[in-house]
Amino acid sequence: MTHIELPRTELFINGEWCPAKGGTFDVENPTDGSTITTLESADASDVDRAVDAARQAFDSGPWSRLTGLERGRLLNGLADLVEQHAERFAALEALDVGKPYLDALVVDVDLAVKTFRHFAGWADKVHGATIPVPDHMGRPRLSYTERVPVGVVGAITPWNAPTMITSWKLASALAAGCTVVLKPAEDAPLVSQLLAELVDAAGFPPGVLNVVNGPGHVTGAALTAHPGVDKLSFTGSPEVGRLIARAAADSFKAVTLELGGKSPQIIFADADVEALAPVAATSVFANSGQTCAAGTRILVHRSRVDDVTSALAEQASRQRLGDPFDAATTMGSLINAGQRDRVMGYIESGLAEGAEVVTGGRAPARAGYFVEPTLFVGTNELRIARQEIFGPVGTIIPFDDPEEAIRLANATEYGLAAVIWTRDINAAMSAARGLKVGAVWVNSWGAPDPGLPWGGMKTSGVGRELGLSGLLANTEERLVNIVY
Ligand code: NAD
């Protein structure tokens, strides 16, 4: 990758690129600490303008008059443009996040294109139901529901998978007929700028998408508190999720919260360890562990702990840390110095609490915020097993019987995802039924598919994105009773 064309730096409001009143902020390359570019930073008055534009487009602009079929055509056009610019998206994501370019291209950008296509297909299929009910005061009644767009959606995104997660929020909201004000993560805002360019090029009317960059406590907080926003769609940490939910309560905004995880992988005694090792390791090390569904609690039947430990250590030894644009690299950097220090703090706490380190555990002496793939053997009581690290750190935890495995799997405040590794379908199905999580994988693990509901239980969140559930989460149900 020799030259990467950087996107525009201004705010995108009402179909125009405009300067911000909140100053600027630098965007850092996490693999060497250099500054990639400097973006404009929205203050509360900029957020007001963005929400006004989204309100106008929703309440009385051309967007409100388009049919579902026309919205679907625009979304398919946007999917085509994202696909045409796939390499630029992947390059910007690799540069901004520090993740391998090929991962960004093959996973993130590919799934973003599929997400826009999936929701393009829903746009003319948003409908209610006719519900049989008894006569009303002796007269027949016809009762039906309509699904109407919820209105202006304030979308706030994290930095770990910006192309993919932004596509989830935009595609579902636009398909439902909503308009959007997007506040990207300040650590990885570049792909959202490119997306705004393409939304414009695809012919979406002004105000349908508005992008306001800036710090969470300023720009994000202004969006969250804004009375003109009808729904908040947030992906990020539980700490900020709580702030968003509290702010939403003041004006009874709808909320979808996609928060963190501490997902278990349960490896039963009969599992094919050789076959599962590459996927189980990917679940811990992909994106340097900065994935919300990372399977970092590796619960292993005691009879297989040695096999699994050596197979996963072997997978860790195959990881190549380095330049995201080098095709041999399998793991890039963490997002910033704070995240690197946080992950190293967890590794130190694992050692201090008596966990046995199998491999890794160091931050290589080089520029950028790299951490080695790290595996511990320990217990579910350790801090490294209880708290979300968001780094390439997994803990192998022995169990003795299936009941204990399910108890340990559920012994966490989180409930996002779980993986079950077994050749016994009965064991898999009864384990799946016992897990308090939003998504279970049996004998594999991967990124969410746009057609399937995605979200968590407990501290992992509220509501679902993607698939029909994700579409309906951007609608309100209106009931009509006709008495005749
Ligand atoms: P974060 O909570 O720090 O930030 C997320 C977003 O919230 C950013 O855009 C940030 O600017 C904004 N923000 C911060 N303070 C705010 C405030 N006071 N008001 C409004 N907005 C504010 O999260 P992060 O560090 O960017 O992302 C990592 C977290 O995201 C992890 O916990 C991870 O598990 C979670 N995550 C969850 C999913 C999922 O689908 N469940 C997917 C990816 C990441």
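The legends below describe close-up views of the ligand and its surroundings in a predicted model.

**View 1. The ligand in its pocket.** In this predicted model, the ligand sits in the largest pocket, where 31 residues surround it. Among these residues, the closest to the ligand are Lys183, Glu186, Ser237, Leu259 and Glu388.

**View 2. Polar side chains at the oxygen atoms of the ligand.** An N or O atom in the side chain of Ser237 is 2.6 Å from an oxygen atom of the ligand, and for the side chain of Glu388 the distance from an N or O atom to an oxygen atom of the ligand is 2.6 Å. Trp454 places a polar side-chain atom 2.9 Å from an oxygen atom of the ligand. On its own the ligand has 850 Å² of accessible area, of which the protein covers 88%.

**View 3. The make-up of the shell.** Sorted by residue kind, the shell around the ligand holds 17 nonpolar, 10 polar and 4 charged residues. At least two residues of this shell come from each of helix H6 (162-176), helix H8 (216-225), strand S10 (231-235) and helix H9 (238-251), and H8 gives the most, with 5 residues.

**View 4. The ligand and the two domains.** Because domain 1 (11-259 + 460-483) and domain 2 (264-449) both give residues to the shell around the ligand, the ligand lies between them.

Note on methods
Residues numbered from 1 in each chain as written. Predicted model: local features only at pLDDT ≥ 70, side-chain atom pairs only at ≥ 80, totals over all residues. Heavy atoms only, no water. Near = heavy atom within 4 Å. Polar contact = N/O pair within 3.5 Å; in protein donor to acceptor, adjacent residues only side chain to side chain. Areas by Shrake-Rupley, 256 points an atom, 1.4 Å probe, with all protein chains shown as cover. 1 Å grid on protein atoms, 1.4 Å probe; cavity = no way out; pocket = protein on both sides within 12 Å on 5 of 7 lines; lining within 4 Å. Sits in = over half its atoms within 2 Å of the grid points. Helix = DSSP H or I, 4+ residues; strand = E, 2+ residues; numbered from the N terminus. Nonpolar A, V, L, I, M, F, W, Y, C, P; charged D, E, K, R; others polar. Domains from an automatic or database assignment.
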